[in-house]
Amino acid sequence: MIQIKNLHKSYKMGSSSLHVLKGINFEVEEGELVAIMGSSGSGKSTLLNILGMLDGADEGEYILDEVPIKNLNETKAAKYRNKFLGFVFQSFNLINYKSALENVALPLYYQGIQRKERQSLALDYLERVGLKDWATHLPSELSGGQKQRVAIARAMASRPKVLLADEPTGALDTKTSYEVMDLIQKINDEGKTILVVTHEPDIAQMCKRVVQLKDGIIIKDEKVDQVLASENVQ
């Protein structure tokens with residue numbers, strides 16, 4: 001599903017240059033649940049931005065679902081993102097003046113789906129995350145965990161090939177974090193490919209594979225015995 005070969009990325013810092021990714025190689029099979037770990041400055045955010053087509057690599061290959069991702073202008077990048085990817089962010093990134101239902105329906109609007117069908121699909125996804133009864137509520141009326149569930153429903157509504165979750169539990173308490181990971185595990189069990197960027201070891205253990213970055217290179221890549229989030233929710 002994802003192939004990364006010899007990926008390099010540098011950023012200009014005044015007169016000097018900061019080499020952030022130093023030859024990253026890894027593959028993700030369809031249906032995997034992978035944690036990407038690393039401390040601040042390890043390159044994990046840069047890698048995620050490249051995977052999410054929000055940034056481009058200086059050299060190397062990125063192939064997503066057999067499509068080479070390179071030299072994309074913003075229009076094409078947006079089209080590919082909408083086609084291939086669902087995003088979940090630490091800060092939820094919900095639109096405050098839109099209801100939960102309207103937030104979930106938004107990617108479907110960009111896909112040109114008619115309003116009635118958009119609303120029906122969005123309601124289906126809200127039901128899947130246990131929030132059908134909250135469809136008309138604004139984000140300000142939802143708890144952190146509920147906001148993240150809406151964000152996951154929104155990410156899933158466009159039926160992406162890959163779900164990219166950037167610190168999805170970073171703003172949540174432990175109990176709510178595990179509830180969100182339980183939902184992510186259930187989505188993965190249905191066959192969805194998911195990458196979770198996290199700095200929390202307990203969250204990484206709820207994935208099936210952990211890729212660890214340090215100073216722009218992969219220092220560890222191993223399958224782990226998955227901890228089931230549902231068994232840890234108190």
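How many of the residues of strand E3 (residues 33–37) are buried? In this predicted model, strand E3 is mostly covered, with 5 of its 5 residues buried. The side chains of Leu-33, Ala-35 and Met-37 point one way from E3, whereas those of Val-34 and Ile-36 point the other way, and all of these residues are buried. This arrangement can be read against a general pattern: in a regular strand, side chains alternate between the two faces of the sheet.

The pairing of E3 involves two further strands. E3 and E8 run parallel and are joined by 4 bridges, and within this pairing Val-34 stands opposite Leu-195 in E8. E3 also pairs in the parallel sense with strand E9 (residues 209–214), again over 4 bridges, and here Met-37 stands opposite Gln-212 in E9.

A sheet with antiparallel pairing is formed elsewhere by 4 strands, which make up an open sheet in the order E2-E1-E4-E5. Its edges are strand E2 (16–28) and strand E5 (67–68), each of which pairs on one side only. Strand E1 (residues 2–13) and strand E4 (residues 59–64) are connected in the antiparallel sense over 5 bridges, and Ile-2 has Leu-64 in E4 as its bridge partner. In general, the strands of a sheet pair through backbone hydrogen bonds, in either a parallel or an antiparallel manner.

Charged side chains provide a further set of contacts, and the structure holds 10 salt bridges. Side chains of opposite charge can, as a general matter, pair when their charged atoms come close. One of these salt bridges is formed by Lys-161 and Asp-65, whose closest N and O atoms are 3.3 Å apart. Lys-161 lies in the loop between helix H5 (144–157) and strand E7 (162–166), and Asp-65 lies in the loop between E4 and E5, so the pair ties together parts that are 96 residues apart in sequence. Both partners are partly exposed, Lys-161 with a relative accessible area of 37% and Asp-65 with a relative accessibility of 26%.

A second salt bridge joins the side chains of Glu-190 and Arg-128, with an N to O distance of 2.4 Å. This pair also links distant parts of the chain, given that Glu-190 is located in the loop between helix H6 (174–189) and strand E8 (193–197), while Arg-128 belongs to helix H4 (residues 115–128), 62 residues apart. Glu-190 is exposed, with a relative accessible area of 57%, whereas Arg-128 is partly exposed, at 41%.

A salt bridge within a single helix is found between Asp-182 and Lys-186, with the closest N and O atoms 2.7 Å apart. Because the two residues are 4 residues apart in helix H6, Asp-182 and Lys-186 are separated by about one helical turn. At 16% relative accessibility, Asp-182 counts as buried, since buried means under 20% relative accessible area, while Lys-186 is partly exposed, with a relative accessible area of 45%.

In addition to these pairs, Lys-9, Asp-55 and Asp-58 are linked in a network of salt bridges. Lys-9 falls in strand E1 (residues 2–13).

Methods: Residues numbered from 1 in each chain as written. Predicted model: local features only at pLDDT ≥ 70, side-chain atom pairs only at ≥ 80, totals over all residues. Heavy atoms only, no water. Pairing = 2+ DSSP bridges. Salt bridge = Lys/Arg side-chain N within 4 Å of Asp/Glu carboxyl O. Buried < 20%, exposed > 50% of the residue type's maximum accessible area, 1.4 Å probe, protein only.
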